[in-house]
Amino acid sequence: MLMKTTIPSVLFFLLITIGSFAQELNTRVQVTAPQVPNINKKNIDLIQSTIRNYLTNNKWSNESYLPQERIECNLVIKITAWDGNSAYKAEAQIQSSRPIFGTAYNSTLLNLSDKDFDFNYNEGQPIDFSDQNYLTNLSSLLSYYAYTIIGFDKDSFSKLGGTPYFLKAQNILNIAQQSGNSGWKAYDGLRNRYWLNENVLNKSFEELRVFIYNYHANTLDQMQGTPANGSKILLGFLPDLKQMDKQKLGSIFPNVYFSTKAEEMVSILSLGTNQDKIQAYNLLDNIDPANISKYELLKKN
């Protein structure tokens with residue numbers, strides 16, 4: 001009798017323990033086709049749920065995540081053309097965020113647009129994964145962004161912690177180049193998947209990746225209870241970015257990152273003294289001239 005009661009109890013404990021851990025991504029997916037006539041609505045719904053399940057249910061690392069530790073992601077796919085069969089032309093907006101310690105606030109880490117999110121999908125078709133072979137463009141696109149999202153999240157918690165995941169994304173990218181689809185090669189444009197991955201692994205942008213860690217782990221995570229201190233802390237890290245090659249400031253990585261963070265940085269720096277705000281403005285004018293209109297608020301205060 002003891003064995004009969006012990007074994008189910010152990011199995012129940014194991015199931016509860018395993019169930020307490022989750023995959024890395026908590027993804028919300030929206031697929032729309034507002035200007036595509038006669039498109040199959042049922043297929044759109046299937047594409048949406050299949051993509052969500054692929055990103056959310058796959059295990060992308062060997063690490064265990066608690067449910068509350070999952071990375072919050074949004075993927076909005078706008079279908080722009082359909083061939084009437086299985087081929088879709090689309091654009092995508094990819095967003096991810098991470099919580100700030102001791103608060104209910106989530107800070108955006110990644111917010112970028114992919115204009116070449118084209119794929120094929122047949123009704124009921126599963127999305128299979130392989131990191132060694134090219135299967136479909138949709139599988140490659142989703143896997144590339146899954147690893148990229150995890151890479152940025154890891155960079156925000158440990159210095160250059162995302163490198164293994166950016167390398168996994170690079171491997172997906174290299175394999176997908178054989179497909180002939182746009183966005184995977186250097187000559188497909190200056191703001192595509194190739195150049196984002198090249199930038200984050202390029203030594204020229206190492207200061208920016210270290211800044212991502214300092215900004216989130218050593219600034220935002222330290223502001224609980226004393227938000228005004230965040231301005232002084234952030235101001236101390238900004239000079240490190242002056243070391244970046246000025247010729248590379250127009251590249252996709254700094255462009256995407258600063259466009260995502262500019263308003264948030266202004267809200268933190270606005271808590272400082274007038275002298276600190278002017279100093280921050282002058283630094284940001286040098287570091288991120290593309291968003292200088294947003295930083296003008298520092299001068300107005």
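## Exercises on a predicted model

The side chains of K89 and D118 meet in a salt bridge, with 3.7 Å from N to O. Keep in mind that this is a predicted model. Let's work through it together.

### Exercise 1: A charged pair

Find out where K89 and D118 sit along the chain, and decide whether each is buried, partly exposed or exposed.

**Solution.**
Step 1. Locate the partners: K89 belongs to strand β3 (residues 87-99), while D118 is in the loop between β4 (106-114) and β5 (119-120). The two are 29 residues apart, and the pair links distant parts of the chain.

Step 2. Check K89. Its relative accessible area is 48%, so K89 is partly exposed.

Step 3. Check D118. Buried means under 20% relative accessible area. D118 has 18%, so D118 counts as buried.

### Exercise 2: Two further salt bridges

Describe the salt bridge between E91 and K115, then the one between E72 and R28.

**Solution.**
Step 1. E91 and K115 meet through their side chains at 3.7 Å, N to O. E91 lies in strand β3 and K115 in the loop between β4 and β5, 24 residues apart.

Step 2. Now look at accessibility. E91 is partly exposed at 29%, whereas K115 counts as exposed at 54%.

Step 3. Turn to E72 and R28, whose side chains form a salt bridge of 2.8 Å, N to O. Here strand β2 (residues 71-82) holds E72 and strand β1 (residues 25-32) holds R28, with their positions 44 residues apart in the count.

Step 4. Both partners are partly exposed: E72 has a relative accessible area of 22%, and R28 has 40%.

Step 5. Place these examples in the full picture: the count for the model comes to 13 salt bridges.

### Exercise 3: Aromatic rings

Classify the ring pair Y54 and W60, and the pair Y257 and F258.

**Solution.**
Step 1. A pair of aromatic rings is described by the distance of the centres and the angle of the planes. A search of the whole structure finds 13 aromatic pairs.

Step 2. For Y54 and W60, the centres are 5.7 Å apart and the planes are at 75 degrees. Planes over 60 degrees apart count as edge-to-face, so this pair is edge-to-face.

Step 3. Check burial here too: Y54 is buried at 5% relative accessibility, and W60 is buried at 2%.

Step 4. Y257 and F258 are also edge-to-face, at 5.9 Å centre to centre and 70 degrees between the planes. Y257 counts as buried with 2%, and F258 is buried with 1%.

Step 5. Look around the Y54 and W60 pair: together with F129 and Y147, these residues form one aromatic cluster.

### Exercise 4: Arginines over rings

Which residues lie over the faces of F157 and W184?

**Solution.**
Step 1. Over the face of F157 you will find R98, at 3.9 Å from the ring centre.

Step 2. Over the face of W184 lies R193, at 4.2 Å from the ring centre.

### Exercise 5: Two packed helices

Work out how helices α8 and α9 are oriented to each other, and name the residues that meet.

**Solution.**
Step 1. Helix α8 (residues 252-269) and helix α9 (residues 274-287) pack at an angle of about 170 degrees, and their axes are 11 Å apart.

Step 2. Angles over 145 degrees count as roughly antiparallel, and therefore α8 and α9 are roughly antiparallel to each other.

Step 3. From α8, F258, M265 and L269 meet K277, A280, L284 and I287 of α9. You have already seen F258 as the ring partner of Y257.

Note on methods. Residues are numbered from 1 along each chain as its sequence is written. This is a predicted model: local features need pLDDT of at least 70, side-chain atom pairs count only at pLDDT 80 or more; totals for chains, interfaces and linings use all residues. Side-chain values use heavy atoms; hydrogens and water are left out. Rings of Phe, Tyr and Trp (its six-membered ring) pair if their centres lie within 6.5 Å; planes under 30 degrees apart count as stacked, over 60 as edge-to-face and the rest as tilted. Buried means under 20% relative accessible area, exposed over 50%, partly exposed in between (1.4 Å probe, protein chains only). A charge sits over a ring if NZ of Lys or CZ of Arg is within 6 Å of the ring centre and within 35 degrees of the ring normal. A salt bridge is a side-chain nitrogen of Lys or Arg within 4 Å of a carboxyl oxygen of Asp or Glu. Helices (H or I, at least four residues) and strands (E, at least two) are DSSP runs, numbered from the N terminus. Axes are lines fitted to C-alpha atoms, for helices over the stretch in contact, and angles run from 0 to 180 degrees between N-to-C directions. Angles under 35 degrees count as roughly parallel, over 145 as roughly antiparallel, 65 to 115 as roughly perpendicular and the rest as oblique. Contact means heavy atoms within 4.5 Å.
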